[in-house]
Amino acid sequence: MPLVKKLVAFLLMTALYRVSVCAVHKVGDSAGWTTIGNVDYNKWVSNKNFHVGDIITFEYNNQFHNVKQVTHQDFQSCNATSSMAVYTTGSDSITLKRPGHYYFLCGFPGHCQAGQKIAIVVTPAKSLRSTGGVSVSSSPAPHGSSPSAASSPIVPHPPKSSAPSLSSFKLRSTLVSFGALLVAGFAY
């Protein structure tokens, strides 16, 4: 029977670790989602890695801003009239559920044209397989566009760090500690 308990503990720790590798990204960092302060959202995106399961949060004053998820074409033209999703709470969290391109903009007049928009590329979730944690995949077409659009990224991305965010590290540490306590409990 002790072997079964150890197996259950191992499976639980593995599940907890997989949950803990996601990161939470606050769009615009401390400035949030705004037109005040000349936030460079292209620069903000350029030093981030987005993976399936990560969460992006938009913090903003909902009297003056919103968040609209749009197609690649609507993103380029700042067209907010035919959005795929609309967020208006002022504190919106969006889980990135699949690999590909995601496009968001503010639908208030003139805000997108002033730079209040982001384009992010989401890669497959990190894997613990023998590839050393490197995910290998083909380039998906931007969400809502034809496959030919995948060959022309709209935001150049320099090499990025694979280091997890601090919030992800804290969550992982907490979950691993919890898992260790469970293993200790099952072992005795």
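## Exercises: an open sheet and a disulfide

Strand β3 (residues 55-59) and β6 run antiparallel, joined by five bridges. Strands are DSSP runs (E, at least two residues), numbered from the N terminus; two strands pair if DSSP finds at least two bridges between them. The model is predicted: local features need pLDDT of at least 70, side-chain atom pairs count only at pLDDT 80 or more, and totals for chains, interfaces and linings use all residues. Residues are numbered from 1 along each chain as its sequence is written, and side-chain values use heavy atoms, leaving out hydrogens and water.

**Exercise 1.** Work out the strand order of the open sheet.

*Solution.*
- Start with β3 and β6: Thr57 has Ser93 as its bridge partner in β6.
- Ile56 stands opposite Ile94 in β6.
- Turn to β1: three bridges pair β1 with β3 in the parallel sense.
- His25 stands opposite Ile56 in β3.
- Result: the order is β1-β3-β6, with mixed pairing.
- The edge strands, each pairing on one side only, are β1 (24-26) and β6 (91-95).

**Exercise 2.** Find the disulfide and give its handedness.

*Solution.*
- Apply the cut-off: a disulfide is a pair of cysteine sulfur atoms within 2.5 Å.
- The whole structure holds one disulfide.
- Cys78 and Cys112 are joined, S to S 2.1 Å.
- The S-S torsion is about -70°, so this disulfide is left-handed.

**Exercise 3.** Explain why Cys106 is not bonded to Cys112.

*Solution.*
- Cys112 holds the closest cysteine sulfur to that of Cys106, at 8.5 Å.
- That is too far for a bond.
- Cys106 is buried (under 20% relative accessible area, 1.4 Å probe, protein chains only), at 1%.

Definitions and conventions. Helix = DSSP H or I, 4+ residues; strand = E, 2+ residues; numbered from the N terminus. Buried < 20%, exposed > 50% of the residue type's maximum accessible area, 1.4 Å probe, protein only.
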